[in-house]
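Q: Could you take a close look at one helix pair for me and walk me through how the two pack?

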Amino acid sequence: MVQDYPTIRFASGELCDWASFHDASAEKFGFPDYYGRNRDAWIDCMRGDDLEPGYPVDDASIDILLVELPNSHGVSGEMKDVCEFLYSGFATVNHVRRKEGRRPLFVLADRPENGDADARF
């Protein structure tokens, strides 16, 4: 039996550069208004530091939060940098959470055009 996990989905074309990445992250993950829109601030927010109530990371009932990216294979330029950061960023957040005695939470999946997700971690 396949379990349904809470899922954050980025739509095709929603992530095209660093500015759109920060906009979409702030919206989808509920970052506070003072989010610094840089990589360190993103990691801090994803760890659950200083977030508003109701943010998914603080929900003890969530075992895994699946994050789906649309077709990140074959991207180039700034978008390639964003995707590479997402892969390393989620790994970093899971690692830090584990070191702090909290459970790793995030699974990042690539969703090719055919819709079959490929989980990365």
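A: Helix 2 (residues 39–47) and helix 3 (residues 77–99) pack at about 45°, their axes 10 Å apart. Axes here are lines fitted to C-alpha atoms over the stretch in contact, with angles from 0 to 180 degrees between N-to-C directions; helices are DSSP runs (H or I, at least four residues) and strands are E runs of at least two, numbered from the N terminus. This is a predicted model, where local features need pLDDT of at least 70 and side-chain atom pairs pLDDT 80 or more, while totals for chains, interfaces and linings use all residues. Residues are numbered from 1 along each chain as its sequence is written, and side-chain values use heavy atoms, leaving out hydrogens and water.

The pair is therefore oblique, the label for angles that are not under 35 degrees (roughly parallel), over 145 (roughly antiparallel) or 65 to 115 (roughly perpendicular). On the helix 2 side, the contact (heavy atoms within 4.5 Å) uses Arg39, Trp42, Ile43, Met46 and Arg47. Helix 3 answers with Phe85, Leu86, Gly89, Phe90, Thr92, Val93, Val96 and Arg97.

Trp42 is worth a pause: beyond its neighbours within four places in sequence, Trp42 touches Phe21, Ser25, Phe31, Tyr35, Phe85, Leu86, Gly89, Phe90 and Val93. Trp42 also joins Phe29, Leu86 and Phe90 as the residues with the most contacts inside the largest nonpolar core, which has 29 residues. Such a core is a set of buried Ala, Val, Leu, Ile, Met, Phe, Trp, Tyr and Cys residues joined through side-chain atoms within 4.5 Å, buried meaning under 20% relative accessible area (1.4 Å probe, protein chains only). Helix 3 gives this core its largest share, eight residues.

Key
Buried means under 20% relative accessible area, exposed over 50%, partly exposed in between (1.4 Å probe, protein chains only).
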